[in-house]
Amino acid sequence: MTARWPFPRIVAHRGGGSLAPENTIAALRCGLAHGFHAVEFDVMLSQDGVPILMHDAQFGRTVRAGGSVSTATAAELAAMDAGSWFSDAFVGEPVPTYRQAFSFCAEHGIWMNVEIKPAAGFEQITGATVAALTQEWVAAEQAVPLLSSFSYAAMLAAKQAAPGIPRGWLVDRIPDDWLARLRQLGAVALHANQANLTAAQAAAVSAAGFGLFCYTVNTPERARTLLEWGVNGFCTDRIDLIDARFS
């Protein structure tokens, strides 16, 4: 941990990496069982405005159904099977709400990197809703996550709704105006695709005083290279190869 990145360094991607069905309570349990007290997961809104954990706006990959998250109610989503796609051991694992995931993490001392994942057209409402609820729950449970998103509009809405909750901006390739955008967001960190990051970019972000977090790092060799470049933290699917105390 550093002043630029006062958060855990190694984070289990989507809860349990590649060892459990992503974005489920089972995944959070898996990450915890492997010693991870830091997780990343994705949040989007149901049709009735309830934040739930899901990466894909359209069903079909992790939930074997037709339709989309934004056209299903929270009750309908809760009845769906988000585990059988992964293996028979997780048949019947439900789609959790953000509240359920937040409570589980707060109870077990797990830090959260909450990726706001709005469906197209729902960027501002998703950012504002997730941020406002996070602020409410932080006050009650004293568990302060970091909010991040690829959607700049969602992050601006999150800033307005809950300015005190830390924010990071997600990018695939670092744009030329990254510094101005981070300052406009009041962000604490830039979250970058490790595959497109250069050592010079890492040095520039650090020199500007921002944290630098990378996704998704799945080999120890690449992890060591990024840490040598000054990357402050990263998420991994391979929690079986890169443990929470990796250095």
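This report covers the overall fold, the pocket and cavity, the aromatic contacts and some single residues of one chain.

**Overall shape**

The model is predicted. The chain has 8 helices and 9 strands. Its radius of gyration is 17 Å, close to the 18 Å that the globule rule gives for 247 residues, so the chain is as compact as a globular protein of that length. Along the principal axes, the C-alpha atoms fill a box of roughly 50 × 40 × 35 Å. Of the 247 residues, 54% are buried.

**The largest pocket**

The largest pocket holds about 150 Å³ of space. Its lining counts 15 residues. Nearest the centre lie His-13, Glu-40, Glu-115, Leu-170 and Tyr-215. Two elements give two or more residues to this lining: strand 4 (111-116) and strand 8 (211-215). By class, the lining has 5 nonpolar, 6 polar and 4 charged residues.

**The cavity**

The structure holds 1 cavity of 30 Å³ or more. The volume of the largest cavity is about 50 Å³. Glu-22, Asn-23, Leu-53, Met-54, His-55, Thr-62 and Ala-82 form its lining. The classes here are 3 nonpolar, 3 polar and 1 charged.

Asn-23 deserves a second look. This residue of the cavity lining sits in the loop between strand 1 and helix 1 (25-33). Asn-23 has a positive phi of about 55°, although it is not a glycine. Its relative accessible area is 4%; the cut-off for buried is under 20%, so Asn-23 counts as buried.

Gln-142 also has a positive phi of about 55° without being a glycine. Gln-142 is found in the loop between helix 4 (123-141) and strand 5. Is Gln-142 buried or exposed? Gln-142 is exposed, with a relative accessible area of 66%.

**Aromatic contacts**

A pair of aromatic rings is described by the distance of the centres and the angle of the planes. The count comes to 12 aromatic pairs in this model. Two of them are set out below.

| Pair | Geometry | Centre to centre | Angle between planes |
|---|---|---|---|
| Trp-5 and Trp-111 | edge-to-face | 6.1 Å | 80° |
| Phe-150 and Tyr-215 | edge-to-face | 5.8 Å | 90° |

Trp-5 and Trp-111 link distant parts of the chain, 106 residues apart. Trp-5 lies in the segment before strand 1 (10-12), and Trp-111 lies in strand 4. Both Trp-5 and Trp-111 are buried. They belong to one aromatic cluster with Phe-7 and Phe-213. Strand 4, which carries Trp-111, is also one of the elements that give two or more residues to the pocket lining.

What does the pair of Phe-150 and Tyr-215 tie together? Phe-150 lies in the loop between strand 5 (146-149) and helix 5 (152-161), and Tyr-215 lies in strand 8, so the pair ties together parts that are 65 residues apart in sequence. The two partners differ in burial. Phe-150 is partly exposed, with a relative accessible area of 38%. Tyr-215 is buried, at 15%. Tyr-215 is also among the residues nearest the centre of the largest pocket.

One more ring takes part in a contact of another kind. The charged end of Arg-181 sits over the ring of Tyr-152, 4.6 Å from the ring centre.

**Two alanines**

Ala-131 lies in helix 4. This alanine is buried, with a relative accessible area of 0%. The C-alpha atoms of Ala-131 and Pro-6 are separated by 20 Å, and the two residues are 125 residues apart along the chain.

Ala-119 is placed in the loop between strand 4 and helix 4. Its relative accessibility is 13%, and the cut-off for buried is under 20%, so Ala-119 counts as buried. Ala-119 and Val-69 are 50 residues apart in sequence. In space their C-alpha atoms are 8.1 Å apart.

**In brief**

Strand 8 holds Tyr-215, the pairing partner of Phe-150. Strand 8 also gives two or more residues to the lining of the largest pocket. Asn-23 joins a positive phi with a place in the lining of the largest cavity.

Definitions and conventions
Residues numbered from 1 in each chain as written. Predicted model: local features only at pLDDT ≥ 70, side-chain atom pairs only at ≥ 80, totals over all residues. Heavy atoms only, no water. 1 Å grid on protein atoms, 1.4 Å probe; cavity = no way out; pocket = protein on both sides within 12 Å on 5 of 7 lines; lining within 4 Å. Points joined across faces, edges and corners; volume = space filled by probe spheres on them. Helix = DSSP H or I, 4+ residues; strand = E, 2+ residues; numbered from the N terminus. Nonpolar A, V, L, I, M, F, W, Y, C, P; charged D, E, K, R; others polar. Phe/Tyr/Trp six-rings, centres within 6.5 Å; stacked < 30°, edge-to-face > 60°. Buried < 20%, exposed > 50% of the residue type's maximum accessible area, 1.4 Å probe, protein only. Lys NZ or Arg CZ within 6 Å of the ring centre and 35° of its normal. Rg over C-alpha atoms; globule rule 2.2 N^0.38 Å.
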